[in-house]
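Colleague: I would like a close look at one part of this model, the strands and the core they feed. Please take me through the pairing, then the packing, then the loop that follows.

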Amino acid sequence: MDNKREHNRTPLKVQLRIDHPVHGRMMVTTRDISESGVFVVIDDAQSLLQIGEIVSGQVQGLPVEAPVVQMQVVRFEPSGVGLIFKRD
C-alpha cells in the first residue's frame with residue numbers, strides 16, 4: 001500500500017472529547033497525530049460517523065484548557081477513524 005501522507009505521524013495517546021451534532025459528546029483516545037490530523041480509537045466508528053462529517057474536538061486532561069478544533073472524518077480502519085484538522 002502506498003503511503004500518500006504529507007506529514008509524519010507521531011504516536012500520541014491522550015483523551016480527546018469529540019462533540020458530534022447527532023451523537024453528542026464522545027470521549028475517545030488518540031493513537032497518533034500529525035500536523036494535518038489525528039487518528040482516534042473508536043469502537044464501531046462507521047456506525048457513529050460518516051466520511052466528510054465535521055466534528056469538534058478538544059484534548060482533555062491538560063493543566064490548561066486546550067483549544068476546540070474542527071475536524072473532518074476522512075477514513076476508517078477497524079480500530080477507529082482518521083480525522084483531518086479544518087483550518088480557517
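**Strand pairing and the core**

Modeller: Keep in mind that this is a predicted model. I start with the pairing of strand S1, residues 10-11, with strand S3, residues 24-33: the two are antiparallel and share 2 bridges. Within that pairing, Pro-11 has Asp-32 of S3 as its bridge partner.

S3 also pairs with strand S2, residues 15-20, again in the antiparallel sense, and here there are 6 bridges. The connection from S2 to S3 is a hairpin of 3 residues. Across this pairing, Ile-18 faces Met-26 in S3.

Next comes S4, which covers residues 37-41. S3 and S4 run antiparallel and are joined by 4 bridges, and a hairpin leads from S3 to S4 through 3 residues. Asp-32 is opposite Phe-39 of S4, and Asp-32 is also the residue that bridges to Pro-11. The ring of Phe-39 has a further partner: the charged end of Arg-31 sits over this ring, at 3.7 Å from its centre. As for ring-to-ring pairs, the search of the whole structure gives 0 aromatic pairs.

Now the packing. The largest nonpolar core holds 15 residues, and Ile-18, Val-40, Ile-42, Val-81 and Leu-83 have the most contacts inside it. At least two residues of this core come from each of S2, S3, S4, strand S6 (69-77) and strand S7 (80-85). The largest contribution is that of S7, with 3 residues. Ile-18, the residue opposite Met-26 in S3, is thus named again among those with the most contacts in the core.

Val-81 can be followed one step further. Neighbours within four places in sequence aside, Val-81 is in contact with Val-38, Phe-39, Val-40, Ile-42, Ala-45, Leu-49, Val-73, Arg-75 and Phe-76. Two of the residues in that list, Val-40 and Ile-42, are also named with Val-81 among those with the most contacts inside the core. Phe-39 is in the list as well, and Phe-39 is the residue whose ring lies under the charged end of Arg-31.

Last, the loop. Asp-44 lies in the loop between S4 and helix H1, residues 45-48. The phi of Asp-44 is positive, about 55 degrees, although Asp-44 is not a glycine. Is Asp-44 buried or exposed? Asp-44 counts as exposed because its relative accessibility is 55%, and the cut-off for exposed is over 50%.

Terms used:
Residues are numbered from 1 along each chain as its sequence is written. This is a predicted model: local features need pLDDT of at least 70, side-chain atom pairs count only at pLDDT 80 or more; totals for chains, interfaces and linings use all residues. Side-chain values use heavy atoms; hydrogens and water are left out. Buried means under 20% relative accessible area, exposed over 50%, partly exposed in between (1.4 Å probe, protein chains only). Rings of Phe, Tyr and Trp (its six-membered ring) pair if their centres lie within 6.5 Å; planes under 30 degrees apart count as stacked, over 60 as edge-to-face and the rest as tilted. A charge sits over a ring if NZ of Lys or CZ of Arg is within 6 Å of the ring centre and within 35 degrees of the ring normal. Two strands pair if DSSP finds at least two bridges between them. A nonpolar core is a set of buried Ala, Val, Leu, Ile, Met, Phe, Trp, Tyr and Cys residues joined through side-chain atoms within 4.5 Å. Contact means heavy atoms within 4.5 Å.
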